[in-house]
Amino acid sequence: MKKFCLLISAVLSALIGLSCATVQKLFHTPNRNKIQYIRDSEDRIVIYHGVNVSNFAKQAPDQISWHQPEDFLRLSDWGFNLVRYLIFWEAVEPEPGKYNEAYMQETIKRIKFLRNHDIDVVLDFHQDLYAQKFTGNGFPPWTIRDDGLEFIPRQPWAMNYLTGPVAACFTNFWKSDELKKAYVKALEYVLSQVTDLDNVIGIDAINEPFPGLTVRFESKVLTEFYGRVQEMMKTRGFFKQKLFFEPVIYTSTGVASTLKFKGEDCVYFPHYYDEMCARWHSYTASNYKIMRKAFQIKLMEACEFGCPLVYGEYGIQPSVSGYTAFLKDFTDIADEYCTGWTYWSYDMNQHNDFGIINDQKLENTCMKVLVRVYPQRIAGRNPRYGISGNHFELTYETTLTDAPTIIFIPDLKDVIVSVNGSVVPYADQRLFKYMNDSHPNQKIEVSWK
C-alpha cells in the first residue's frame with residue numbers, strides 16, 4: 001500500500017509540474033513558419049498516412065504479425081505509405097547478450113514485403129506494462145526488478161501501471177545504468193540488421209515510456225536516455241534512420257511535455273487517445289476542443305525540439321458514440337497542420353477492437369475516414385491542404401526539383417483534377433503525379449461525387 005501511495009503521489013507531482021508549461025501553451029497557437037517536415041532525397045516534403053502492425057504480435061507465440069504479402073499489398077490500395085512495425089526487446093534478446101537471429105530474419109522478411117509495395121517502416125520497440133509477467137509485453141524476464149512485490153491484476157488494463165511491482169520495474173530500470181546500456185545495445189543490434197533496408201526510416205526507441213517513481217522523469221531521465229540512443233546512432237553511422245521519440249503517455253491529451261531533447265535528425269512521435277472516450281464517454285464538441293488544443297501543443301513542442309511531428313498512434317473504440325466524428329476531426333486537424341500519422345492498428349476485430357478490418361478481412365467503418373485524398377510528396381515549401389466536402393485542395397510555393405508532387409486519390413466517383421485552374425487528365429491510377437510549372441505558387445484541386 002505504501003508503494004502504491006508513493007506512486008500516486010509521484011504521478012500527481014509530475015502532473016502539477018507539467019501544468020505550468022501547459023498553461024503557457026494553452027493561449028498560443030503554432031507558428032507555421034517554424035514547422036519542420038520530413039523530406040526525401042529530392043527535397044520533397046513527405047506526408048505519412050499509415051498503420052501500426054500489429055496488436056496481434058503482442059500475444060503471438062513468436063511475437064510476429066499475422067500479415068502475409070497480400071495483406072501488405074492492400075496498404076498501397078488504401079493509400080498508406082508507412083507502417084509502425086512492433087518489435088519487442090524480449091524477442092530480440094531473450095537472454096542477456098544473446099540476440100535472436102531467427103526473430104530478426106522473420107522481421108526483415110516482412111520489412112522487405114513492405115518495401116516491395118513502397119511502404120516505409122518505423123521499427124517500434126514496443127512495451128506495455130513492462131513485461132508478460134504483468135499481462136503486458138516488451139521487456140525480457142531477465143530485466144525484471146519488481147522488489148519481490150505481488151502482482152494483482154487490475155481493470156481496465158492500464159491501471160496495472162499503478163501497481164507496485166510494475167512501478168518498481170520501471171523505477172529500477174531507469175535507475176540502472178546496466179539495464180539502460182543493454183537496452184541501447186539491443187537497439188543498436190536491430191539497426192545494424194536493417195541498415196541496408198532503405199524503407200526503414202527510423203526506430204521508435206520506446207513505446208509509451210513510463211516513469212514509475214522516477215522524479216524529473218522527462219526533463220532529466222528520459223531526455224538523457226534519448227540522448228544515449230541519439231549518440232549511439234551517430235557513432236555507428238546510422239544516418240539513414242531517424243530517432244523517433246515519444247513523450248510520457250499522460251501528456252497525450254493537452255498536457256505539455258517537459259522533455260529537453262534536441263531533435264536533430266529526429267521525429268517527435270506522440271500518441272493521441274481521448275481519456276474520456278477511452279472510458280466509453282461520448283465524443284462531443286468539448287472533446288474536439290481538447291483534441292485541437294492538444295494537437296497544437298504537440299506541434300509547438302515539435303517546433304521547440306526542432307523536428308517534424310508525426311503521430312505514432314491514435315484511435316478510438318467503435319462502440320463509443322461519436323466514433324466517426326473523432327476520426328474525421330483528428331484527420332482534418334492533421335491535414336490542417338500537414339502532419340502525418342499511423343493509426344492503431346492493422347488488425348482484425350478478433351485481435352483488437354480498434355482494428356481496420358473485420359474477421360473476414362473486410363474494411364471496418366473507420367476506413368471510410370482513414371482512406372482519403374492527401375499529398376504523399378510535395379515538391380515545394382509552405383504547403384496548405386485539406387478536404388471540404390467532396391473537394392480537396394493543396395497549395396504550396398514552387399521549388400526547383402526534378403521530382404513530382406504525388407497525391408493519393410482513392411477509388412472515388414467522377415474524379416476531376418485541376419492544376420492552377422485548368423483541368424488535367426487523370427487516369428484513375430490512385431497516384432496523381434505533377435511536375436511543377438513556372439508559376440511561383442502551385443494549386444492542385446481534386447473533386448469527386
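A nonpolar core is a set of buried Ala, Val, Leu, Ile, Met, Phe, Trp, Tyr and Cys residues joined through side-chain atoms within 4.5 Å. Keep that handy for the exercises below, and bear in mind that this is a predicted model.

**Exercise 1. Find the largest nonpolar core and say which helix gives the most to it.**

Step 1: Start with the count. The largest core holds 132 residues.

Step 2: Pick out the residues with the most contacts inside this core: Leu75, Leu123, Phe125, Tyr343 and Ile356.

Step 3: Now look for the helix. H7, residues 177-194, gives the most to this core, with 10 residues.

Step 4: Don't stop there, as a second, separate core has 10 residues, including Ile38, Leu82, Ile201 and Val310.

**Exercise 2. List what phenylalanine 125 touches, skipping neighbours within four places in sequence.**

Step 1: Go along the sequence. Phenylalanine 125 is in contact with Ile87, Trp89 and Val92, among others.

Step 2: Further along, its contacts include Tyr183, Ala186, Leu187 and Val190.

Step 3: Finish with Ile203, Asp204, Ala205, Ile206 and Asn207, which are also in contact with phenylalanine 125.

**Exercise 3. Place strand E2 among its partners, and say how covered E2 is.**

Step 1: Check burial. In E2 (residues 49-53), 5 of 5 residues are buried.

Step 2: Take one partner. E2 pairs with E11 (residues 340-343) in the parallel sense, over 3 bridges, and histidine 49 stands opposite tryptophan 341 in E11.

Step 3: Take another. E2 also pairs in the parallel sense with E3 (residues 82-87), over 4 bridges; here valine 51 has valine 83 of E3 as its bridge partner.

**Exercise 4. Is leucine 26 buried, partly exposed or exposed?**

Step 1: Locate the residue. Leucine 26 belongs to helix H1 (residues 2-26).

Step 2: Read off the relative accessible area, which is 36% for leucine 26.

Step 3: Apply the cut-offs: buried is under 20% and exposed is over 50%. Leucine 26, at 36%, is therefore partly exposed.

Step 4: Look at the surroundings. Val23, Leu26 and Phe27 form a nonpolar surface patch, with about 320 Å² of accessible area together.

**Exercise 5. Track down the backbone oddities in the loop between E11 and H12.**

Step 1: Check omega. The peptide bond from tryptophan 344 to serine 345 is cis, with omega near 0°, and serine 345 lies in this loop.

Step 2: Check phi. Lysine 361, also in the loop between E11 and H12, has a positive phi of about 65° although it is not a glycine.

Step 3: Add accessibility: lysine 361 is partly exposed, at 30%.

Terms used: Residues numbered from 1 in each chain as written. Predicted model: local features only at pLDDT ≥ 70, side-chain atom pairs only at ≥ 80, totals over all residues. Heavy atoms only, no water. Buried < 20%, exposed > 50% of the residue type's maximum accessible area, 1.4 Å probe, protein only. Helix = DSSP H or I, 4+ residues; strand = E, 2+ residues; numbered from the N terminus. Contact = heavy atoms within 4.5 Å. Patch = residues over 30% accessible without salt bridge, like charges linked within 9 Å, V, L, I, M, F, W, Y side chains within 5 Å. Areas by Shrake-Rupley, 256 points an atom, 1.4 Å probe, with all protein chains shown as cover. Salt bridge = Lys/Arg side-chain N within 4 Å of Asp/Glu carboxyl O. Pairing = 2+ DSSP bridges.
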